[in-house]
Amino acid sequence: MPQQLYAEIQENSKYAYQADWQESPFPIHIEPDIGGYVVVGGVGGRFRLEDVNVYVIEDKQKILIK
């Protein structure tokens, strides 16, 4: 059964200011991108993996993936 991925912007990311504008964690999906912005979702639209924490939510608990 597929699971929905979620992300939260890391506090040390240059995109941290966007965290105040959106629900957190926000739903995402992963797409190839030659610039490295493979995380798709949220207000900014695209993020690098190093800018976000990626989760699965199971039984109302966040499970950190990365």
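Which side chain meets that of Asp-51 in a salt bridge? It is Arg-48, at 2.8 Å, N to O. I will come back to that pair at the end. One caution before I go on: what you have above is a predicted model.

Let me start with the strands. E1 covers residues 5-9 and E2 covers residues 26-30; the two run antiparallel and are joined by three bridges. One contact to find on the screen is Leu-5, whose bridge partner in E2 is Ile-28. E2 also pairs with E3, residues 39-41, again antiparallel, this time through two bridges. There, Ile-30 has Val-39 as its bridge partner in E3.

Now the aromatics. There are two aromatic pairs in the structure. In one of them, Tyr-15 and Phe-47 sit edge-to-face, with 5.7 Å between centres and 85° between planes. Tyr-15 belongs to the loop between E1 and E2, while Phe-47 is in strand E4, residues 45-47, so this pair ties together parts that are 32 residues apart in sequence. Tyr-15 is buried, at 14% relative accessible area. Phe-47 is buried as well, with a value of 0%.

The other pair is Phe-26 with Phe-47, and this one is tilted: 5.9 Å centre to centre, 45° between the planes. Phe-26 lies in E2 and Phe-47 in E4, so here the parts tied together are 21 residues apart in sequence. Phe-26 is buried too, because its relative accessible area is 3%, and the cut-off for buried is under 20%. Taken together, Tyr-15, Phe-26 and Phe-47 make one aromatic cluster.

Another tyrosine of the loop between E1 and E2 is Tyr-17. Tyr-17 counts as partly exposed, at 45% relative accessibility. With Trp-21 and Val-43, Tyr-17 forms a nonpolar surface patch, and the accessible area of the three together is about 360 Å².

One ring has a charge over it. Lys-62 lies over the face of Tyr-55, 4.8 Å from the ring centre.

That leaves the salt bridges, of which the count is four. I will go through three of them. Take Arg-46, in strand E4. Arg-46 forms a salt bridge with Glu-31, and the closest N and O atoms are 2.6 Å apart. Glu-31 is in the loop between E2 and E3, so the pair ties together parts that are 15 residues apart in sequence. Both ends are partly exposed: Arg-46 has a relative accessible area of 30%, and Glu-31 comes to 29%.

How far apart in space are Arg-46 and Asp-59, C-alpha to C-alpha? The distance is 27 Å, with their positions 13 residues apart in sequence.

Back to Arg-48, then. Besides Asp-51, Arg-48 forms a salt bridge with Glu-50, where the closest N and O atoms are 3.4 Å apart. Arg-48, Glu-50 and Asp-51 are therefore linked in a network of salt bridges.

Is Asp-51 buried or exposed? Asp-51 counts as buried, since its relative accessibility is 3%. Arg-48 is partly exposed, at 22%, and Glu-50 is partly exposed, at 49%.

To sum up, the points to look at are the antiparallel pairing of E1 with E2 and of E2 with E3, the aromatic cluster of Tyr-15, Phe-26 and Phe-47, and the salt-bridge network of Arg-48, Glu-50 and Asp-51.

Terms used. Residues are numbered from 1 along each chain as its sequence is written. This is a predicted model: local features need pLDDT of at least 70, side-chain atom pairs count only at pLDDT 80 or more; totals for chains, interfaces and linings use all residues. Side-chain values use heavy atoms; hydrogens and water are left out. Two strands pair if DSSP finds at least two bridges between them. Helices (H or I, at least four residues) and strands (E, at least two) are DSSP runs, numbered from the N terminus. Patches are made of residues with over 30% relative accessible area and no salt bridge: like charges are joined within 9 Å, nonpolar side chains (Val, Leu, Ile, Met, Phe, Trp, Tyr) within 5 Å. Accessible areas come from the Shrake-Rupley method with a 1.4 Å probe; for residues, only the protein chains shown count as cover. Buried means under 20% relative accessible area, exposed over 50%, partly exposed in between (1.4 Å probe, protein chains only). Rings of Phe, Tyr and Trp (its six-membered ring) pair if their centres lie within 6.5 Å; planes under 30 degrees apart count as stacked, over 60 as edge-to-face and the rest as tilted. A charge sits over a ring if NZ of Lys or CZ of Arg is within 6 Å of the ring centre and within 35 degrees of the ring normal.
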